[in-house]
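User: Could you walk me through this model before I look at it in detail?

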Amino acid sequence: MEQERIWLLLGRKVSGEATMAELRELEELLVQYPELRYQVSVLGNLPAPVVTPVWMEKTEQALEKHMVRLGNDLVTADFQDEHPAEHVARHRKSRAGVLVALSTLVVLLAGYCVFLLSSKTTQKVAAEIAEIQTRNGSRSRATLPDGTEVWLNGGSRITYQRDMNTQQKREVFLSGEAFFKVAKDADNPFVVKTRRMAVNVLGTAFNIKAYPNEEQSETSLISGSVEVVPADDQQHRVQLQPNQKFIIRHTQDGNARPSLGYSMEQVKMNGQDDLINETAWCDNVLVFDNENFGAIALKMERWFGVKVYLTDKKLKAYRFTGTFKNESLPQILEALKVTSSFRCEIKGNEVFINQ
């Protein structure tokens, strides 16, 4: 559905009808589907159809012939109660509407033709895009072509160019959560882009949490220096120092909520084996830091590969703090019951929690 939305927004952009909000939405969607950037760049650069006087005259003649073929009786029936002047004005307005429709049709047909003609090239470009994805219930570690090490949390995905080590700007697109230990290369900056922000670095270690279904996105700097640029406010640039965390709050559907804005916090030491809460997951440690049950349910889904149902809305307001390593899902749920009263039932990969 999101890819269909991309093509719809592109059509509005090419026809000159797209609003600023729609253009921003198109750019945000392309962050999630970088493999489509080539097609979009080709179609987006199509020139708008120029309606010249000659073209208008020829189209008018073609429409006149078409109207004659439809039959004078139909035209007369529609306008028999109007004065001649009103008939002419309405007829011209109708033709103008058809001309606009034809112009839009020309743009769409031209775009479709270019897309078909460039399909072979598109396949070649798409083949150069690499993807690493982890499903819920798993975590993975990988080394990118430039030597950067990446840890991916459950339900996360990164895409990048296979030849990124030869590019002047090393770009990675992230959906989910990842910890990066970036290979230093002062001449070729490293950039991580998510739907809500871009993080610019030279060589450092940091964690980004940007799940589309959560209420906030976070960048936590462990060492080095990074600059965070919100996608919807690129004039607002934030330079982070080690052990600082930048937070962008938004609704669960991903829309920004300017009233909540941004905030800066310190990363939190866990007290167990000198762990940092924001990166403990890299050591297979699951941490809840005074989090509500709704957020914890999402964490457990990604950690164990299950689906959690909170059957009572009041449960979402419950808050928990805890650190778990190697505990099973039933063990964690039993530990949470110590501080709050609820019942739970596990059926296969589904967990039902109620009061």
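Analyst: What follows goes from the overall make-up to a pocket, a sheet and a single residue, and the model is a predicted one.

User: Ok, how many helices and strands are there in the protein?

Analyst: The protein has 9 helices and 18 strands, and buried residues make up 40% of its 355 residues. Among the contacts with a separation of 6 or more, 51% are between residues that lie 24 or more positions apart.

User: What about the largest pocket, how much space lies in it?

Analyst: The largest pocket holds about 1,200 Å³ of space, and its lining is formed by 44 residues, with K209, E214, E291, A295 and K299 lying nearest the centre.

User: How does that lining divide into nonpolar, polar and charged?

Analyst: The residues of the lining comprise 19 charged, 14 nonpolar and 11 polar ones.

User: And which element gives the largest share of the lining?

Analyst: That is α8, which supplies 8 residues; the elements that each contribute at least two residues to the lining are β8, β9, β12, β14, α8 and β15.

User: Switching topic, what's the strand order in the open sheet of 3 strands?

Analyst: The order is β15-β18-β17, and the pairing is mixed. The edge strands, each pairing on one side only, are β15 and β17, and neighbouring strands of this sheet are turned against each other by 15° on average, with direction ignored.

User: How many bridges join β17 to β18?

Analyst: There are 5 bridges between β17 and β18, and these two strands run antiparallel. Within this part of the sheet, K347 stands opposite E350 of β18.

User: Which strands does α8 lie across?

Analyst: Helix α8 lies across β15 and β18, and its direction is at about 160° to β15. Helix α9, residues 329-336, lies across β17 and β18 instead, running at about 170° to β17.

User: One residue caught my eye, F304. Where is it found?

Analyst: F304 is found in helix α8, the helix that also provides the largest share of the lining of the largest pocket.

User: Why is F304 classed as partly exposed?

Analyst: F304 has a relative accessible area of 25%, and because partly exposed covers values between the 20% limit for buried and the 50% limit for exposed, F304 falls in that class.

User: What does F304 touch, leaving out residues up to four places away?

Analyst: Leaving those out, F304 touches G137, L286, E327, S328, L329 and I332. As for S328, its C-alpha atom is separated from that of F304 by 8.6 Å, although the two residues are 24 residues apart along the chain.

Note on methods: Residues numbered from 1 in each chain as written. Predicted model: local features only at pLDDT ≥ 70, side-chain atom pairs only at ≥ 80, totals over all residues. Heavy atoms only, no water. 1 Å grid on protein atoms, 1.4 Å probe; cavity = no way out; pocket = protein on both sides within 12 Å on 5 of 7 lines; lining within 4 Å. Points joined across faces, edges and corners; volume = space filled by probe spheres on them. Helix = DSSP H or I, 4+ residues; strand = E, 2+ residues; numbered from the N terminus. Nonpolar A, V, L, I, M, F, W, Y, C, P; charged D, E, K, R; others polar. Pairing = 2+ DSSP bridges. Axes fitted to C-alpha atoms, helices over the stretch in contact; angles between N-to-C directions. Contact = heavy atoms within 4.5 Å. Buried < 20%, exposed > 50% of the residue type's maximum accessible area, 1.4 Å probe, protein only.
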